Amino acid sequence: MFFALTFILNRSMNLGGGYWLWSASLQYLFMLPMLWLLLRRQKAAAAVVKQIRCRPVVWLLWSTVGFGLFYAPLSMASCYGESWFVAATWQITIVAGVLLTPLFGSRIPVKNLLFSAVILAGIFMLQLPRLENMESSGSLKALALILIAGVCYPLGNRKMMAHCPAGFSTTQRVFGMTLCSMPFWLLCSVYALFTHGLPSFGQVVQSVSVALFSGVVATLLFFEATNLVRHNPKQLAIIEATQAGEVLFTLLGGILFLHDSLPTKAGFLGIGIVVLGMLLNSLSG
């Protein structure tokens with residue numbers, strides 16, 4: 001539910017004339033002080049900085065992949081269609097996460113891959129009318145951007161889970177990744193400033209909301225869930241598949257608040273298939 005705000009508010013900012021690169025950069029620029037305040041109460045920020053100093057290249061590389069190369073393309077994709085369309089296409093990340101499993105020394109959980117394919121079949125049904133006019137609607141560009149984001153997000157998350165020490169909390173990991181992605185976001189901000197000027201007050205306010213609810217709350221919940229099953233590829237695939245729920249919440253939010261067009265009959269059938277795939281994936285655990 002909280003992740004769905006990313007797609008809804010990014011689309012809202014685009015419709016309001018906000019530049020997509022500001023939407024992406026501002027989320028992480030606002031996330032950093034929020035996460036620091038959480039860790040300050042626990043006096044745990046110093047331990048994060050110490051770990052980064054020990055392995056700066058690892059932290060900078062995988063934080064930029066997991067946050068920068070994930071969220072910048074995803075934000076740009078919101079320029080090409082309704083919020084629920086972007087959220088639906090984003091579910092490519094479910095299969096991407098499963099297929100990345102061999103990189104971490106484990107076998108691909110075939111059953112979970114099949115159930116994830118059911119979810120993607122539902123996503124395909126949801127997008128079917130758009131795919132018929134892919135070039136004219138910009139859907140092809142959105143698909144390419146989201147494919148990049150869908151691979152980078154689980155890759156960066158899993159790499160940092162592997163490199164963080166056992167005693168690290170999820171908040172520490174997310175804070176460290178946010179901090180180490182700052183060079184990327186600062187460069188993006190400078191580019192946005194010189195090409196499109198300062199963001200509007202409305203875009204700043206909405207970016208604060210995205211940073212709090214999606215960047216902090218949703219990311220901490222999701223990363224903690226993945227951390228709990230980090231050594232079980234099968235259950236990790238199940239957790240990552242729950243992201244399909246974003247489609248339902250985004251669809252409702254987009255229709256209610258942004259007046260997005262309703263899916264077709266095939267689209268509603270696709271929603272049912274998505275729910276079925278999520279249930280099958282959960283029961284397989």
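Which residues is Thr170 in contact with, leaving aside its neighbours within four places in sequence? In this predicted model, they are Leu220, Phe223, Glu224 and Asn227. Thr170 lies in helix α10, a helix that is mostly covered. The points below deal with that region, then with the cavities, the nonpolar core and helix α3.

**Helix α10 and Thr170**
- Helix α10 spans residues 170-180, and 10 of its 11 residues are buried.
- The buried residues of α10 are Thr170, Thr171, Gln172, Arg173, Val174, Phe175, Gly176, Met177, Thr178 and Cys180.
- Thr170 counts as buried because its relative accessibility is 5%, below the 20% cut-off.
- Thr170 and Phe70 are 100 residues apart along the chain, and their C-alpha atoms are separated by 19 Å.

**Asn157 in helix α9**
- Asn157 belongs to helix α9, which covers residues 139-163.
- With a relative accessible area of 1%, Asn157 is buried.
- Neighbours within four places in sequence aside, Asn157 is in contact with Arg173, Phe222, Phe223 and Thr226.
- Phe223 is thus a contact of Asn157 and also one of the contacts of Thr170.
- Arg173, another contact of Asn157, is among the buried residues of α10.

**Cavities**
- A search of the whole structure gives two cavities of 30 Å³ or more.
- The largest cavity has a volume of about 90 Å³, and 14 residues line it.
- Phe3, Thr6, Phe70, Leu74 and Ser214 are the lining residues that lie nearest the centre of the largest cavity.
- Four helices each supply at least two residues of that lining: α1 (4-15), α2 (20-42), α4 (56-77) and α12 (201-228).
- With three residues, α4 gives the most to the lining of the largest cavity.
- By residue class, the lining of the largest cavity has eight nonpolar residues, five polar and one charged.
- The second largest cavity has a volume of about 50 Å³.
- Its lining consists of Met161, Cys164, Pro165, Ala166, Phe168, Ser169, Arg173, Asn227 and Arg230.
- Five of these lining residues are nonpolar, two are polar and two are charged.
- Two residues already named recur in the lining of the second largest cavity, Arg173 and Asn227: Arg173 is in contact with Asn157, and Asn227 with Thr170.

**Nonpolar core**
- Nonpolar side chains tend to be buried together in soluble globular proteins.
- The largest nonpolar core here holds 72 residues.
- The core members that touch the most other members are Tyr28, Trp59, Phe70, Tyr71, Leu74, Trp90 and Trp185.
- Helix α2 gives the most to this core, with 11 residues.
- Phe70 touches Tyr28, Val65, Trp90, Ala149, Cys152 and Tyr153, not counting residues up to four places away in sequence.
- Phe70 and Leu74 appear in that group of core members and also lie among the residues nearest the centre of the largest cavity.

**Helix α3**
- Ala45, Val48 and Ile52 are buried in helix α3, which covers residues 45-54.
- These three residues cover an arc of only 55° around the axis, so they are on the same side of α3.
- An α-helix has 3.6 residues a turn, so residues three or four places apart point the same way.
- The face of α3 turned away from the buried side carries the exposed residues Ala46, Lys50, Arg53 and Cys54.

How values were computed
Residues numbered from 1 in each chain as written. Predicted model: local features only at pLDDT ≥ 70, side-chain atom pairs only at ≥ 80, totals over all residues. Heavy atoms only, no water. 1 Å grid on protein atoms, 1.4 Å probe; cavity = no way out; pocket = protein on both sides within 12 Å on 5 of 7 lines; lining within 4 Å. Points joined across faces, edges and corners; volume = space filled by probe spheres on them. Nonpolar A, V, L, I, M, F, W, Y, C, P; charged D, E, K, R; others polar. Core = buried A, V, L, I, M, F, W, Y, C linked by side-chain atoms within 4.5 Å. Buried < 20%, exposed > 50% of the residue type's maximum accessible area, 1.4 Å probe, protein only. Contact = heavy atoms within 4.5 Å. Arc of directions from axis to C-beta.
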